Each structure stands twice: as C-alpha cells, then as structure tokens.
Amino acid sequence: MMQSLSAGTLAGLGSFRCESCGSVLALDAADTLPPCPTCGGENFVRASLFTDRVMARRPGPEPSDAEERRGLLEAVSDRLGDAGRYLVYSEGGEAKVVPLAREWTRIGRSLAADVRFDDPTVSRRHALIVRQADGVRVLDDRSLNGVFVNGERVEWRVLADGDEIVVGRYRLHYVEVGVQGASAGSTLDAPAAADAGA
C-alpha cells in the first residue's frame, strides 16, 4: 500500500493523486502539497502509472459566474481596444490580457511558456492556443490535470468568443474584439492579402 500524504506536506518532486477525486498535481522538489484544486481534499498518494486502482473520471470545474467574467472584462476593457483575439485572466487580484498575435501561444509552468503560471496544478507544458486561418483552437499538451472548456474536459476544441478555459486552478477567458462571427478566419487572412496586393 502507498503512503498517504496530506496537504501542507513537503512531498518532494513528483506527481501526486488526490484520494478523493483523482486529480493529479505535479510538484517541484521545494513545493508543499496544496489542498486539491478540484475538490479541496487534503489526502494524496504518489501517482503511478502502475497502480491497480482505477480512478473514476472526475467532472470538470464548473464554469465561473457570468458576473465575475463581466467584471474581469470591464477591468481590462481599455486594453481591448484593437480588433483581435485575446486571453484574459486574473492572477494575484490583477487582470491580465494576452493578445493572441502569433500562431502558437504556450500555457504552462515552464520558463519557456508564453503564459506562465508558477503553480503545482499546472503542468510544465499544459496547453497550446493555436491561431490559424480557420479559427482558434486550444489543445491539451499532455497535461496531468487536463484542459477544460466551459466545464468540459477536452483534448482540443475550437474556441468561440466568451469561452472559459481552465488550466489547473486558473480560469482564462477567450475574447474576440471586432472579429466577424460568420467568417472568423477572414480577419486573420487580411494582413496576408494586403501584403500580396502591395
């Protein structure tokens, strides 16, 4: 039988599974076990690929309150003036805006991530936002805790304005400003078309 560890324990490097809901946390050597971000549970065992215990698939986090989202977007409305696609989230009580200007935006705990969360609930390489002519997608980049869109765990999903993406304990909102709904990809192609005509 594996030793049970509790929240607050300096557990060391590795992955730990919540005994209540099966959520997995990845820790660095100096991290202590936080309460489970999914259920608040405080008892963990080391996660193993070889365990014979089958964990029930846990439901994803509930989408956040619409009023909370509205307040967050109002706080950053002055930074969303230009037409485009953005990720908006709150960290440490501060609203953050990330323009999705490049083809790939990496989300994770790694120093190489474009959107970095230094938190044990986030994998080093957690998710990718991919911006292409036919739309914007989020992909799970082999994370331990999964990627959720509007409360549903996904491997990948085409994003629509207003979608909520959950990565670990962080909630990010996908926002489109001045993007035509019927032809979402057309605005991405506009600069290329302008260059071609020059």
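The exercises below cover aromatic pairs, a sheet and nonpolar cores in a predicted model.

Residues are numbered from 1 along each chain as its sequence is written. In this predicted model, local features need pLDDT of at least 70 and side-chain atom pairs count only at pLDDT 80 or more, while totals for chains, interfaces and linings use all residues; side-chain values use heavy atoms, with hydrogens and water left out.

**Exercise 1. Find the aromatic pairs in the whole structure and classify each one.**

Step 1. Rings of Phe, Tyr and Trp (its six-membered ring) pair if their centres lie within 6.5 Å; planes under 30 degrees apart count as stacked, over 60 as edge-to-face and the rest as tilted. The search of the whole structure gives 2 aromatic pairs.

Step 2. Y89 and F117 are 5.1 Å apart centre to centre, with 80 degrees between the planes, and this pair is edge-to-face. Y89 belongs to strand 5 (residues 84-91) and F117 to the loop between strand 8 (115-116) and strand 9 (127-132), so the pair ties together parts that are 28 residues apart in sequence. Strands here are DSSP runs (E, at least two residues), numbered from the N terminus.

Step 3. Buried means under 20% relative accessible area (1.4 Å probe, protein chains only). Y89 has 6% relative accessibility and counts as buried; F117, at 0%, also counts as buried.

Step 4. The ring centres of F117 and Y170 lie 4.0 Å apart and the planes are at 15 degrees, so this pair is stacked. Because F117 is in the loop between strand 8 and strand 9 and Y170 is in strand 15 (residues 170-177), the pair ties together parts that are 53 residues apart in sequence. Y170 counts as buried at 9% relative accessibility.

Step 5. Through these ring pairs, Y89, F117 and Y170 are linked into a cluster.

**Exercise 2. Work out which strands pair with strand 10, and place strand 10 in its sheet.**

Step 1. Two strands pair if DSSP finds at least two bridges between them. Strand 9 and strand 10 run antiparallel and are joined by 6 bridges. Q132 has G135 in strand 10 as its bridge partner, and a hairpin through 2 residues joins strand 9 to strand 10.

Step 2. Strand 10 also pairs with strand 13 (residues 156-158), in the antiparallel sense over 3 bridges. Here V138 has R157 in strand 13 as its bridge partner.

Step 3. Strand 7 (residues 104-108) is antiparallel to strand 9, with 4 bridges between them; W104 has V130 in strand 9 as its bridge partner.

Step 4. The open sheet has 5 strands in the order 8-7-9-10-13, with mixed pairing. Strand 8 and strand 13 are at the edges with a single partner strand each, so one side of each has no neighbour in the sheet.

Step 5. Strand 10 (residues 135-140) is mostly covered, with 5 of its 6 residues buried.

**Exercise 3. Describe the largest nonpolar core and the strands that supply it.**

Step 1. A nonpolar core is a set of buried Ala, Val, Leu, Ile, Met, Phe, Trp, Tyr and Cys residues joined through side-chain atoms within 4.5 Å. The largest has 21 residues, and I107, I129, I165 and L172 have the most contacts inside it.

Step 2. At least two residues of this core come from each of strand 5, strand 9, strand 10, strand 11 (147-149), strand 14 (164-167) and strand 15. Strand 15 gives the most, with 3 residues.

Step 3. A second, separate core has 10 residues, including L72, L73, A95 and V175.

Note on methods. Buried means under 20% relative accessible area, exposed over 50%, partly exposed in between (1.4 Å probe, protein chains only).
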